[in-house]
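Okay, thanks for coming, everyone. I'd like to walk you through one model today, so have a look at the screen and then we'll dig in.

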Amino acid sequence: MSLSSTPASRDARAAQRFPTHFGGQLAVQSDLYPVIIANISRDGAKVRCISGLRLGMRVTLKANGLDMPGTVMWKSASTYGLRFAGPVDPLEIVRRNYAGLEHLRASRIGDRDAAMVVPQPIR
C-alpha cells in the first residue's frame, strides 16, 4: 500500500469500526459489482472487490438495510476504503445482514466457522 493511497492518519478515525464478512454490491455508474464488506462504521466501510476503482470515485454501497453513496478514499490491491455521504447505523446493518444466522449463536459455533456461512441475499 503506497503512502499516497492510504488514509492520512489511521488514528484520526473517530467512528468505531465493526469487523464483518458479508456480501453486498457496489454501484459504479450503471454497473453493479459484488463485494465483501470487511468492516463498517458510522462513516464508511472497507470492501473487497475485483473492480479497478480509482481514488475519489463516487460509488454506492448496497447490502440488506444499506444503500449509501460514498467516495473511494484509499485502496490496496483489491481492498478499498469508502467514506459514506452520511452516517449509517453499523450495528443495524450488521444485524440485517446476519439475520437468519441466529442458530449459530444457539449452537455455539465459533467465529471461524460462522464466517464460512453464506449470508442472506440482498433484499
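So, to start: which residues of the largest nonpolar core touch the most other members? Keep in mind that this is a predicted model. The core has 23 residues, and the ones that touch the most other members are Leu26, Ile37, Ile40, Val47, Leu53, Leu61 and Leu66. And where does this core come from? At least two residues of it are supplied by each of strand 1, strand 2, strand 3, strand 4, strand 5, strand 6 and helix 1. As a general point, nonpolar side chains in soluble globular proteins tend to be buried together.

Let me back up and give you the overall layout. The protein chain has 3 helices and 6 strands, and from the N terminus on the order is β-β-β-β-β-β-α-α-α. There are 123 residues, of which 38% count as buried. If you take the contacts with a separation of 6 or more, 50% of them are between residues 24 or more positions apart.

Now the strands. They make a closed barrel of 6 strands, in the order 1-2-3-6-5-4, with antiparallel pairing. From one strand to the next, the twist averages 45°. Helix 1 packs on that sheet, where it touches strand 1, strand 2, strand 4 and strand 5, and its direction makes about 85° with that of strand 1.

Let's go around a few of the pairings. Strand 1 and strand 2 run antiparallel and are joined by 9 bridges. For a landmark there, find glycine 24, which stands opposite valine 35 in strand 2. Strand 1 also runs antiparallel to strand 4, with 3 bridges between them, and there you can pick out alanine 27 opposite threonine 60 of strand 4. Then strand 3 and strand 6, antiparallel as well, are joined by 5 bridges. Over there, valine 47 has tyrosine 80 in strand 6 as its bridge partner.

Remember Ile37 from the core list? Leaving out residues up to four places away in sequence, isoleucine 37 touches Thr20, His21, Phe22, Gly24, Ala45, Lys46, Val47, Leu61 and Ala63. Two of those names, Val47 and Leu61, are also on the list of core residues that touch the most other members.

Next, helix 1, residues 90-97. Which of its residues are buried? Those are Pro90, Ile93, Val94 and Asn97. Looking down the helix axis, these buried residues fall within an arc of 100°, so they line one face of the helix. What do they pack against? Strand 1, strand 2, strand 4 and strand 5. While you're at the start of helix 1, zoom in on aspartate 89: one of its side-chain oxygens comes to within 3.2 Å of the backbone nitrogen of leucine 91.

Okay, over to another spot, tryptophan 74. This one is in strand 5, residues 66-76. Its relative accessible area is 10%, so tryptophan 74 counts as buried, given the cut-off of under 20%. Its C-alpha atom is 9.4 Å from that of lysine 46, although the two are 28 residues apart along the chain. Threonine 79 belongs in this picture too. It is in strand 6 and is buried, with a relative accessible area of 14%. Not counting residues up to four places away in sequence, threonine 79 touches Lys46, Val47, Arg48 and Trp74.

Last stop, the backbone oddities. Most residues other than glycine have a negative phi. Here, glutamine 29 has a positive phi of about 55° without being a glycine. Where is it? Glutamine 29 sits in the loop between strand 1 and strand 2, a hairpin with 2 residues between the strands. Is glutamine 29 buried or exposed? Exposed, with a relative accessible area of 79%.

Alanine 77 also has a positive phi, near 55°. It lies in the loop between strand 5 and strand 6, and its relative accessible area of 75% makes alanine 77 exposed.

That's my tour. Happy to rotate things around if you want another look.

Note on methods. Residues numbered from 1 in each chain as written. Predicted model: local features only at pLDDT ≥ 70, side-chain atom pairs only at ≥ 80, totals over all residues. Heavy atoms only, no water. Helix = DSSP H or I, 4+ residues; strand = E, 2+ residues; numbered from the N terminus. Buried < 20%, exposed > 50% of the residue type's maximum accessible area, 1.4 Å probe, protein only. Arc of directions from axis to C-beta. Contact = heavy atoms within 4.5 Å. Polar contact = N/O pair within 3.5 Å; in protein donor to acceptor, adjacent residues only side chain to side chain. Core = buried A, V, L, I, M, F, W, Y, C linked by side-chain atoms within 4.5 Å. Pairing = 2+ DSSP bridges. Axes fitted to C-alpha atoms, helices over the stretch in contact; angles between N-to-C directions.
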